[in-house]
Amino acid sequence: MMADALPRVAGKLTANAPLAPLVWFKSGGAAEWLFEPRDIADLQGFLGDLDPATRVMALGLGSNLIVRDGGVPGVVVRLGKAFAQVKAVDDVTLDCGGGASGILVSSTARDAGIAGVEFLRSIPGTVGGFVRMNGGAYGGEVKDILVDCDVVLRSGEFRTLPLAELHYTYRHSALPEGAIVVAARFRGRPGDPAAIRAEMDRISASREASQPLRSKTGGSTFKNPPGKKAWELVDAAGCRGLAVGGAQVSEKHTNFLINTGNATSAEIEALGEEVRRRVKESQGIALEWEIQRVGRP
Ligand SMILES: Cc1cc2nc3c(=O)[nH]c(=O)nc-3n(C[C@H](O)[C@H](O)[C@H](O)COP(=O)(O)OP(=O)(O)OC[C@H]3O[C@@H](n4cnc5c(N)ncnc54)[C@H](O)[C@@H]3O)c2cc1C
């Protein structure tokens with residue numbers, strides 16, 4: 001696709017932009033186009049004028065993503081600083097930009113005395129990723145705190161979607177294909193900042209002890225099947241430490257895959273498929289990927 005075939009933008013549009021530096025696994029190919037809109041109007045104008053046949057995908061911090069080695073065709077949209085604000089709008093409600101991090105959301109909530117949002121402290125993604133994935137941890141999930149979210153649809157149309165329209169289930173939403181979440185309102189409950197801080201510290205320490213947080217990883221690889229824990233099934237299948245090329249099942253948490261150095265995305269994905277095969281063979285359970293896999297092999 002030539003640049004003159006694309007609408008003019010106020011933000012930044014980059015051809016053939018490497019995505020590996022932008023995702024946790026640090027692997028995979030380039031985006032045909034990477035678009036960092038200046039503001040909502042810029043995003044709306046761009047999507048409205050873009051050939052409807054061109055595929056559009058949002059990228060947050062790439063903390064739940066395998067970008068395949070052949071790269072992502074079409075346009076990858078990444079929300080920058082203009083979308084990273086968080087503010088408390090009343091005693092219990094936070095207005096968050098779609099590109100804001102879980103750390104910023106939870107610390108703003110703490111400073112404003114809003115409890116119930118502490119779990120976002122431990123999920124290393126953006127508000128847009130949380131809303132799409134129904135991110136959750138430590139007994140909390142986005143569906144418990146979301147009031148509504150603002151999206152720019154693939155057509156360029158701006159809409160506010162209430163919680164009910166997202167039809168949340170475990171790590172899944174009915175967010176329309178190609179829609180970009182540009183903002184979300186989260187509702188907690190009144191709380192004491194010191195108690196909120198203590199809960200956030202407890203969550204951070206527990207995370208540190210149980211997950212390979214400083215590795216190149218993609219978070220939980222598989223969804224927990226009903227009534228079961230994915231990590232236990234992977235462990236029982238003998239996959240702890242299993243490797244394909246530079247990709248390895250974490251020794252610390254068996255539902256995490258790790259890029260030990262220079263793994264390709266093909267190796268990481270093949271390792272995940274091998275784990276699925278072994279779990280199916282040994283325990284008869286078909287694990288479902290939680291990590292989103294995008295692009296061309
Ligand atoms: C160490 C580690 C620990 C983790 N722990 C947890 C956990 O406890 N609980 C949990 O739920 N997850 C966990 N994750 C996974 C991940 O952090 C979440 O899924 C998070 O919601 C992904 O956010 P992101 O912004 O990085 O999205 P990305 O990984 O960039 O993208 C994930 C999906 O969301 C879509 N998306 C991203 N931004 C937007 C947007 N603005 N609008 C529309 N769609 C968008 C992408 O297109 C893609 O489909 C963990 C990951 C890591 C690396």
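A pocket, as the word is used in these legends, is an open set of grid points where a 1.4 Å probe fits and which has protein on both sides within 12 Å along at least five of seven lines. The structure shown in every view is a predicted model.

**View 1. The second largest pocket and the residues that line it.** The second largest pocket holds about 250 Å³ of space. Its lining is made up of 14 residues, and those closest to the centre of the pocket are Ile 103, Arg 121, Ser 122, Pro 124 and Leu 213. Two elements, α2 (102-111) and α5 (193-210), give two or more residues each to this lining, and of the elements it is α5 that gives the most, with three residues. When the lining residues of the second largest pocket are sorted by class, six are nonpolar, five are polar and three are charged.

**View 2. The ligand and the shell of residues around it.** The ligand is surrounded by 36 residues, of which Ala 58, Ser 63, Thr 126, Gly 136 and Arg 207 are the closest. Several elements, namely β3 (56-59), α3 (127-133), β9 (136-137) and β13 (180-187), each supply at least two residues of this shell, and the largest share, five residues, comes from α3. Sorted by class, the shell around the ligand contains 18 nonpolar residues, 15 polar ones and three charged ones.

**View 3. Polar atoms of the protein beside oxygen atoms of the ligand.** In this view the reader can follow three distances, beginning with Thr 126, which has a polar side-chain atom 2.7 Å from an oxygen atom of the ligand. For Arg 207, an N or O atom of the side chain is likewise found 2.7 Å from an oxygen atom of the ligand. At Gly 129 the partner belongs to the backbone, where a polar atom lies 3.3 Å from an oxygen atom of the ligand. The ligand taken alone would expose 960 Å², and the protein buries 97% of that area.

**View 4. Two residues with positive phi in one loop.** His 167 is found in the loop between β12 (158-162) and β13, and Arg 171 lies in the loop between β12 and β13 as well. Although His 167 is not a glycine, its phi is positive, at about 40°, and Arg 171, which is not a glycine either, has a positive phi of about 50°. Are these residues buried or exposed? His 167 has a relative accessibility of 57%, and therefore counts as exposed, since exposed means over 50%. Arg 171 has a relative accessible area of 14%, so this residue is buried, because buried means under 20%. The side chain of Arg 171 also reaches the backbone oxygen of Asn 134, at a distance of 2.9 Å.

**View 5. Lys 143 in helix α4, together with Ser 173.** Lys 143 has its place in helix α4, which covers residues 142-145. With a relative accessibility of 34%, Lys 143 counts as partly exposed. Along the chain Lys 143 and Ser 173 are 30 residues apart, while in space their C-alpha atoms are separated by 9.3 Å.

**View 6. Gly 45 in helix α1, together with Pro 7.** Helix α1, which covers residues 40-49, contains Gly 45. The relative accessible area of Gly 45 is 31%, so this glycine is partly exposed. Gly 45 and Pro 7 stand 38 residues apart in sequence, and their C-alpha atoms are 8.0 Å apart in space.

**View 7. Two buried loop residues and their partners from elsewhere in the sequence.** Gly 156 lies in the loop between β11 (146-152) and β12, whereas His 253 has its place in the loop between β17 (247-249) and β18 (257-259). Gly 156 counts as buried because its relative accessibility is 9%, and His 253 counts as buried because its relative accessibility is 17%. How far apart in sequence and in space are Gly 156 and Leu 50, and what is the corresponding separation for His 253 and Asp 235? For Gly 156 and Leu 50 the separation is 106 residues in sequence and 8.9 Å in space, C-alpha to C-alpha. For His 253 and Asp 235 the separation is 18 residues in sequence and 9.1 Å in space, again C-alpha to C-alpha.

Methods. Residues are numbered from 1 along each chain as its sequence is written. This is a predicted model: local features need pLDDT of at least 70, side-chain atom pairs count only at pLDDT 80 or more; totals for chains, interfaces and linings use all residues. Side-chain values use heavy atoms; hydrogens and water are left out. A residue is near a molecule or strand if one of its heavy atoms lies within 4 Å of it. A polar contact is a pair of N or O atoms within 3.5 Å; within protein, one must be able to donate a hydrogen and the other to accept it, and residues adjacent in sequence count only if both atoms are side-chain atoms. Accessible areas come from the Shrake-Rupley method with a 1.4 Å probe; for residues, only the protein chains shown count as cover. Helices (H or I, at least four residues) and strands (E, at least two) are DSSP runs, numbered from the N terminus. Ala, Val, Leu, Ile, Met, Phe, Trp, Tyr, Cys and Pro count as nonpolar, Asp, Glu, Lys and Arg as charged, and the others, Gly among them, as polar. On a 1 Å grid over the protein atoms alone, a cavity is a set of points where a 1.4 Å probe fits but cannot get out, and a pocket is an open set with protein on both sides within 12 Å along at least five of seven lines; lining residues have an atom within 4 Å of a point. Grid points are joined across faces, edges and corners, and a volume is the space filled by probe spheres set on the points. Buried means under 20% relative accessible area, exposed over 50%, partly exposed in between (1.4 Å probe, protein chains only).
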